Amino acid sequence: MANHIEEDNLNTESATNILVSVNNISAATNTWNQTGYESYPPSLDGIRQFIHLACIWIGSPLNVMVASVIIRQRRLRNPRNTFWLGVIFCNLLAFANALIEYAAYEMLSITACLIFRVTAGIPYTLLLVNLLLATLDRWVALTYPLFHRETVTVKLVVFVQLLFCTVVVLLSTLPYWTKMIPLIACGVDPRVLEWTTIVFLSLTLLSIIAQVQIYCRARTCLRRDLNHQLFNHQSQHINRLELEATVTLVCGVMSLCFFSLPYSAVSMSDWICRRYIKQFAPIQQQQWCSTVQLTLPYLRELFLIHSVYNPIMYMIRSREFANALRSIISCPESPKE
């Protein structure tokens, strides 16, 4: 870790000056400019500030609205929508994390810097975990429908979500509360970034593979049912279901490929640059590594955009949510179903 503050006791009056000096030292020595989590206070340029604020102001109301409708309407209280509640919660955590980063930049707050250092990768890791759990739930429902109907309940889903979220938080903060990595400065340790990159990439690839498997399984079942249908309208219904399965696959896989894979792939390239290329490569390859590092902070903004995309796509794709929202708007004073 490049930014080390040698003083053990930081008083409140000198915190801002020390924070600024840490950033200046990092810029001067050029030892900390990797993996999208640059030296602190974070250097948020105009583009990244705009993305931060736009995603927070647009995404927060959307996610809160989706969560309130799911909680309010009894018809939506099922395992599938409970998984989506977990996704919505992770989206809101991502926006809160972006606010902490923005506060560290605007207020030069060492407290905000340290909080962001510890929690930087947690919200998106939780988001990917919940998306993977929702995908696995669909696979179980498709492969073992009777078992899923009898076993998977809202309480079980909440328990599984809390269990996995607790594990993620404990493992993510393990280096700090075990003092493997000292929490004495605002810079993010490269080892944590490498672990986070591996986790992001693994969860993304697992989700993509799971969604492709679900699509193949659903298409096989629908084709089998289609061969047994005698009525034309039933065949049309099966064809429509197959089309919906294709659209679901495209929406799920393309979102991961667009929002998650770019950062993971480029971050892995940056890792290779720092470990194997930068010390021995000619100037041209070192310049390529610098270009890779410069793109990472902007690719990290895709995580926030993903948290805006999720509720929008859910509202578009879920008919039961659309019907529930329509009933609330048309009959706001009617009793809950």
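Modeller: Helices here are DSSP runs of H or I with at least four residues, numbered from the N terminus. The model we are discussing is a predicted one.

Colleague: Taking helices in that sense, in which helix is the place of Asn 91?

Modeller: The numbering of helices starts at the N terminus, and one of them covers residues 79-107. Asn 91 has its place in that run, which is helix α3.

Colleague: Is Asn 91 buried or exposed, and what is its relative accessible area?

Modeller: Leaving aside neighbours within four places in sequence, Asn 91 is in contact with Asn 63, Leu 127, Ser 307, Asn 310 and Pro 311. A residue counts as buried under 20% relative accessible area. Asn 91 is therefore buried, since its relative accessible area is 0%.

Colleague: Which helix supplies the largest share of the largest nonpolar core?

Modeller: The largest nonpolar core has 44 residues, and those with the most contacts inside it are Val 66, Tyr 124 and Phe 321. Several helices each supply at least two of its residues, among them α2 (46-72), α3, α11 (283-317) and α12 (319-330). The largest share of this core, ten residues, comes from α5.

Colleague: Setting aside residues up to four places away in sequence, which residues does Phe 321 touch?

Modeller: Phe 321 is one of the residues with the most contacts inside the largest nonpolar core. With residues up to four places away in sequence not counted, those that Phe 321 touches are Val 66, Val 69, Ile 70, Leu 76, Tyr 314 and Met 315.

Colleague: Turning to the surface, which helix gives the largest share of the nonpolar patch?

Modeller: The patch is about 1,100 Å² and is made by residues including Leu 156, Phe 159, Trp 177, Met 180 and Trp 195. Trp 177 has its place in helix α7, which runs over residues 154-177. Nine residues of the patch, the largest share, come from helix α7.

Colleague: How far apart are the end C-alpha atoms of residues 156-177?

Modeller: An unreviewed UniProt entry lists residues 156-177 under "transmembrane region", together with spans including 50-71 and 114-136. In the model, residues 156-177 are 100% helix and 0% strand, and their end C-alpha atoms lie apart by 30 Å.

Colleague: For the whole protein, what share of the residues counts as buried?

Modeller: The protein has twelve helices and zero strands, and it exposes about 17,900 Å², of which carbon and sulfur atoms supply 67%. Of its 337 residues, the share that counts as buried is 46%.

How values were computed. Residues numbered from 1 in each chain as written. Predicted model: local features only at pLDDT ≥ 70, side-chain atom pairs only at ≥ 80, totals over all residues. Heavy atoms only, no water. Buried < 20%, exposed > 50% of the residue type's maximum accessible area, 1.4 Å probe, protein only. Areas by Shrake-Rupley, 256 points an atom, 1.4 Å probe, with all protein chains shown as cover. Patch = residues over 30% accessible without salt bridge, like charges linked within 9 Å, V, L, I, M, F, W, Y side chains within 5 Å. Salt bridge = Lys/Arg side-chain N within 4 Å of Asp/Glu carboxyl O. UniProt positions renumbered as here; feature names shortened; annotations may be inferred. Contact = heavy atoms within 4.5 Å. Core = buried A, V, L, I, M, F, W, Y, C linked by side-chain atoms within 4.5 Å.
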